[in-house]
Amino acid sequence: AERVATTAELQQECGVAPDGLAPHFVMIESTATAGLQLSMAVQGDPGRPPVVLVHGFPDFWCGWARVIPELAQRYFVVVPDLRGYNRSGKPGDPNDPEDLQDYTTNVLAQDLSDVVHYAAAQSQQKVAVVAHDWGAIIAWPFAARFAGDLDKLMAISVAHPAAMSQFLASTDPAVRTAQLAQAQALGYIS
């Protein structure tokens, strides 16, 4: 199902409605979780090179609202709400540790693969993925497991997992412990 948002809806949802922001919203079903709907803001000509913009925590598609109009002049832009965010489905009870299995990086990477596959199918081209923060954490395993439709990956604010492992292995244990404690306190790792 597709629908076009009004300027008033965009202003209410995002707090801004930059000139030229005129996405339509598409829902696709997650292949990782039957019945779970993933929402995407889509703007631009599908005949242009596709780019998927993946938000970080605690953002949703609106985190990219100011760049979508500019990018849509040259690209087919697809911006998902990751599962659990905004318009996308929210499986399980976030307070129930049993339900955390619905939010593992492998499951989220599969969702990203579904979004990228949508963009590739619409444009008939391989897809550039730009991912920020939590989105980049998901994008790394996505790129390792589902590279078929991927042209390029730009991870913003998150190092490659191998580089991060190497850094952690070579860092003073006291510093590493403090950094890991901070990451846990912020909810980045558990």
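A charge is said to sit over a ring when NZ of Lys or CZ of Arg is within 6 Å of the ring centre and within 35 degrees of the ring normal. Keep that in mind as we walk through this structure, which is a predicted model. Here the charged end of Arg-87 sits over the ring of Phe-25, 3.8 Å from the ring centre.

Phe-25 is a good place to start the tour. A search of the whole structure turns up two aromatic pairs. In one of them, Phe-25 meets Trp-61 edge-to-face, with 5.3 Å from centre to centre and 70 degrees between the planes. Phe-25 belongs to strand β2 (residues 24–29), while Trp-61 is in the loop between β4 (50–54) and α2 (68–72), so this pair ties together parts that lie 36 residues apart in sequence. Phe-25 has a relative accessibility of 5% and counts as buried; Trp-61 is buried too, at 0%.

The other pair is made by Phe-142 and Phe-146, whose rings are stacked at 6.3 Å centre to centre, with 25 degrees between their planes. Phe-142 is buried, with a relative accessible area of 1%. For Phe-146 the value is 19%, and because buried means under 20%, Phe-146 is counted as buried as well.

Now let us follow β2 into the sheet. Seven strands make up an open sheet with mixed pairing, in the order β1-β2-β3-β5-β4-β6-β7. At the edges stand β1 (2–4) and β7 (150–156); each has a single partner strand, so one side of each is left without a neighbour in the sheet. From one strand to the next, the twist averages 25 degrees.

Moving inward, β2 and β3 run antiparallel and are joined by six bridges. One place to see this is Glu-29, whose bridge partner in β3 is Gln-37. Strand β3 (residues 37–43) has six of its seven residues buried, so the rest of the structure largely encloses it. Strand β5 (residues 76–80) also pairs with β3 in the antiparallel sense, over four bridges, and Ala-41 has Val-79 as its bridge partner in β5.

The direction changes at the next step: β4 and β5 run parallel, joined by three bridges. Look for Val-52, which has Val-78 as its bridge partner in β5. Finally, helix α3 (residues 105–123) packs on the sheet, where it touches β1, β2, β3, β4, β5 and β6 (127–132). The direction of α3 makes about 160 degrees with that of β5.

How values were computed:
Residues numbered from 1 in each chain as written. Predicted model: local features only at pLDDT ≥ 70, side-chain atom pairs only at ≥ 80, totals over all residues. Heavy atoms only, no water. Phe/Tyr/Trp six-rings, centres within 6.5 Å; stacked < 30°, edge-to-face > 60°. Helix = DSSP H or I, 4+ residues; strand = E, 2+ residues; numbered from the N terminus. Buried < 20%, exposed > 50% of the residue type's maximum accessible area, 1.4 Å probe, protein only. Pairing = 2+ DSSP bridges. Axes fitted to C-alpha atoms, helices over the stretch in contact; angles between N-to-C directions. Contact = heavy atoms within 4.5 Å.
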